[in-house]
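The report that follows goes through one protein chain, from its overall make-up to individual residues. Please keep the sequence and the model in view while reading.

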Amino acid sequence: MPKCPKCGKEIDCLEYLAKEYWHAKFFVDDDGYYDYDDWDYCDTDEVIGWRCPECCETLFHSEADAIEFLWDGKPCPFIHEDGVCDIDGDKCVGERFPKCRNKYRI
Ligand SMILES: [Zn+2]
């Protein structure tokens with residue numbers, strides 16, 4: 001299990017933080033009371049980062065770095081016995097492991 005480089009604790013996941021917008025219907029009734037209804041949210045693509053669940057320090061700013069950290073140096077699961085990645089057309093299905101060095105081996 002990987003260890004947090006900030007606090008040294010073993011962690012098996014990261015906390016993902018991203019900004020999102022909330023929207024709701026806002027109305028005032030006949031008695032002058034206001035309220036909100038139909039709450040929903042939408043993403044903004046504003047990613048803050050992936051942080052340690054123990055110390056809350058932001059450790060990574062890219063998904064690729066977060067994947068590599070949690071995968072913790074284990075070999076790419078998409079590499080066959082012949083050492084070649086599983087390829088779908090020109091696209092390596094190992095894209096789940098963006099930093100796999102064998103990605104473009106064929
Ligand atoms: Zn930590």
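Where is the place of C56? C56 sits in the loop between β2 and β3, and the surroundings of that loop are taken up below, after the basis of the model and its general layout.

## Basis of the model

This is a predicted model, in which local features need a pLDDT of at least 70 and side-chain atom pairs count only at pLDDT 80 or more, while totals for chains, interfaces and linings use all residues. Residues are numbered from 1 along each chain as its sequence is written.

The pLDDT, which is the predictor's confidence in each residue on a scale from 0 to 100, averages 81 over the protein chain, and 69% of the residues score at least 70. Confidence is highest in β3, at a mean of 96, and lowest in strand β5 (residues 91–92), at a mean of 50. Where pLDDT is low, the predicted coordinates should not be read in detail.

## Overall layout

The protein chain has one helix and five strands, arranged along the sequence as β-β-β-α-β-β. Helices (H or I, at least four residues) and strands (E, at least two) are DSSP runs, numbered from the N terminus.

Of the 106 residues, 8% count as buried; a residue is buried if 20 or more other C-beta atoms lie within 10 Å of its own, exposed if 12 or fewer, and partly exposed in between, with C-beta atoms placed from the backbone. Among contacts between residues at least 6 apart in sequence, 44% join residues at least 24 apart, two residues being in contact if their C-beta atoms, placed from the backbone, lie within 7 Å.

## The sheet

Three strands form an open sheet in the order β1-β2-β3, with antiparallel pairing. β1 and β3 stand at the edges and have a single partner strand each, so one side of each is left without a neighbour in the sheet. From one strand to the next, the twist averages 40°, where axes are lines fitted to C-alpha atoms, for helices over the stretch in contact, and angles run from 0 to 180 degrees between N-to-C directions.

Two strands are taken to pair if DSSP finds at least two bridges between them. The antiparallel strands β1 and β2 are joined by 12 bridges, and along this pairing Y16 has W50 in β2 as its bridge partner, while W22 stands opposite Y41 in β2. The antiparallel pairing of β2 with strand β3 (residues 58–60) extends over two bridges, and here the bridge partner of R51 in β3 is T58. Strand β2 (residues 34–51) is hardly covered, since the count of buried residues among its 18 residues is one.

## The two hairpins

β1 and β2 form a hairpin with five residues between them, and G32 in the turn has a positive phi of about 90°. In the hairpin of β2 and β3 there are six residues between the strands. C56 in that loop has a phi near 65°, a positive value in a residue other than glycine, and C56 is exposed, with 11 other C-beta atoms within 10 Å.

## Residues in their surroundings

A24 lies in strand β1 (residues 15–28) and is exposed, because 12 other C-beta atoms lie within 10 Å. The C-alpha atoms of A24 and D38 are separated by 5.3 Å, although the two residues are 14 residues apart along the chain; beyond residues up to four places away in sequence, A24 touches Y36, D37, D38 and W39. D38 itself is found in strand β2, takes a positive phi near 55° as a residue other than glycine, and is exposed, with 8 other C-beta atoms within 10 Å.

L59, in strand β3, is partly exposed, with 19 other C-beta atoms within 10 Å. Leaving aside neighbours within four places in sequence, L59 is in contact with C4, P5, K6, L14, W50, R51, C52 and F69. Between L59 and E15, 44 residues apart along the chain, the C-alpha separation is 9.8 Å.

M1 belongs to the segment before β1 and is exposed, with 8 other C-beta atoms within 10 Å. M1 and I11 are 10 residues apart in sequence and 6.5 Å apart in space, C-alpha to C-alpha, and, apart from neighbours within four places in sequence, M1 is in contact with E10 and D12.
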